[in-house]
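Hello,

Here is the structure I promised to pass on to you. Please have a look at it first, and then read on for what turned up in it.

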Amino acid sequence: MRAPYTGVAIVGYGQTAYTKRSELPALWYVADAIRRALTSAGLQKEDLDGLAVTSFLLPPDNATIVTEHLGITTSWILHGVYGGASGVVSVLHAARAIQTGDAEVVVCVAADAFTVDSHMELMDRFNTSVRDYVAPYGFGGPNGLFALVQQRHMYEFGTKREQLGKLAITQRRLASLNPNALLRQPLTLEDYLNARIIADPIRLYDCVMPCAGGDAIVLTTVERARKLTDRPIYIRAGAECHNFRPQDVVQLVGPWAAFRADLFNQAAIAPMDLDFIQLYDDYPIMELIQFEDLGFAAKGEGGSFIERTDFSIGGDLPLNTGGGQLSCGQSGAGGGMIGLTEAVCQLRQEAGRRQVPVARIGLVSGYGMVGYGRGLSGAAVILSTAPRSDAR
């Protein structure tokens, strides 16, 4: 079992305004998310001595150059290179840095400023494998790759589009309560099923909308956290995995299956003990696969689990309570951090109309670095209002 993340707490979070199009650079969103998170924590930038940055559009700059632009001096730094898993991974690595004394106050930020066109341009050169062996054949970006995953899961296990549609519809309903979500208009099952085909069997409402925005989290020692807030948030468990099952060309078993047992053992809970879950939702099919790989359902039974589970705010397992990427938009690499800011917001009882009635412990997942038909990086963290020693 991994060493626990004791002695560390989350004390602030920040989310910029999300917008469909922006003339502002990714660095602006990085800075704004950090500013909002520090304000939430009651800290100044001079208090920071650690920084983790993830952004696809930041190059040729990197995390070190961000310190120069923002006037921050740090003793610990990380540049996230795990795509949509980077948000969770950076929080876990920051926690270890605080535990070892390499830093005392760390901000983890992820942000980008995409349009649909600029996002597709990025995907054509996302990595050398995609650039050299997939893009020349007109693969349709990630939509084409995840169409293979969904088609295979439907063929192997009889998964139905109606089951996947329930996820998109539920999240849209939750997004209607989130003023920062870009897609808040009602979505019906008929709308979902009859939307235009993007890459068969994936249709319009299976896809995230690229946008501009950013999210950030502030971590520090428990001792300092208790001086800053009466609502510190603790890391009860966390894990990551990269290049899981490299023999799989089409990924029906994701990286979460590699560490599921350790994750829940470390947190001293079972999956259904969670008060909410924030899943990385680039496509509904990947949410379904995560339900299977995280132990909510056996492999192939994710669809039936979705059918019998109420994912609303007051339901069995509130899911992506701010609307998730499917309804808020995907701010590039920021998509890996949106679940973390929403989880902290819920645990601090600051979610307003979308507040889960009992929000004491929740899970956030990340997923990214997609090439061919699978993501190379997966991660998850369990956050709680109580430290591990006070497990219920």
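Helices α6 and α11 are oblique to each other, because their angle of about 55° falls in neither the parallel, the antiparallel nor the perpendicular class. Before I go further, please keep in mind that this is a predicted model. In the sequence, α6 covers residues 141–157 and α11 covers residues 284–293, and where they pack their axes are 10 Å apart. Their crossing is left-handed. On the α6 side, the contact is made by Phe146, Val149, Gln150 and His153. The α11 side brings in Ile285, Met286, Leu288, Ile289 and Glu292. Sorted by class, that contact of α6 with α11 has six nonpolar residues, two polar ones and one charged one.

Next, the sheet. Nine strands make up an open sheet with mixed pairing, and their order is β3-β2-β4-β7-β1-β8-β11-β10-β9. At the edges you will find β3 (76–79) and β9 (276–278), each of which pairs on one side only. From one strand to the next, the twist averages 25°.

At the β9 edge, three bridges connect β9 with β10 (residues 361–371), and the two strands run parallel. If you would like a pair to look for there, Gln278 has Val364 of β10 as its bridge partner. A helix also packs on the sheet: α10 (residues 256–267) touches β8 (233–242), β10 and β11 (374–384). The direction of α10 makes about 160° with that of β8.

Now to a strand I think you will enjoy, β4. Is it buried or exposed? Nine of the nine residues of β4 (residues 105–113) are buried, so the strand is largely enclosed by the rest of the structure. Val105, Val107, Val109, Ala111 and Ala113 point one way from β4, while Val106, Cys108, Ala110 and Asp112 point the other way. Both sets are buried, Asp112 included.

What does β4 pair with? Strand β2 (residues 50–54) is joined to β4 by five bridges, and these two run parallel. In that pairing, Gly50 stands opposite Val106 of β4. Strand β7 (residues 212–221) pairs with β4 too, over nine bridges and in the antiparallel sense. Here Ala110 stands opposite Asp215 of β7.

I hope this helps you find your way around. Do write back with any questions.

Best wishes

Methods: Residues numbered from 1 in each chain as written. Predicted model: local features only at pLDDT ≥ 70, side-chain atom pairs only at ≥ 80, totals over all residues. Heavy atoms only, no water. Axes fitted to C-alpha atoms, helices over the stretch in contact; angles between N-to-C directions. Helix = DSSP H or I, 4+ residues; strand = E, 2+ residues; numbered from the N terminus. Parallel < 35°, antiparallel > 145°, perpendicular 65-115°, else oblique. Left-handed = near helix turned anticlockwise from the far one by under 90°. Contact = heavy atoms within 4.5 Å. Nonpolar A, V, L, I, M, F, W, Y, C, P; charged D, E, K, R; others polar. Pairing = 2+ DSSP bridges. Buried < 20%, exposed > 50% of the residue type's maximum accessible area, 1.4 Å probe, protein only.
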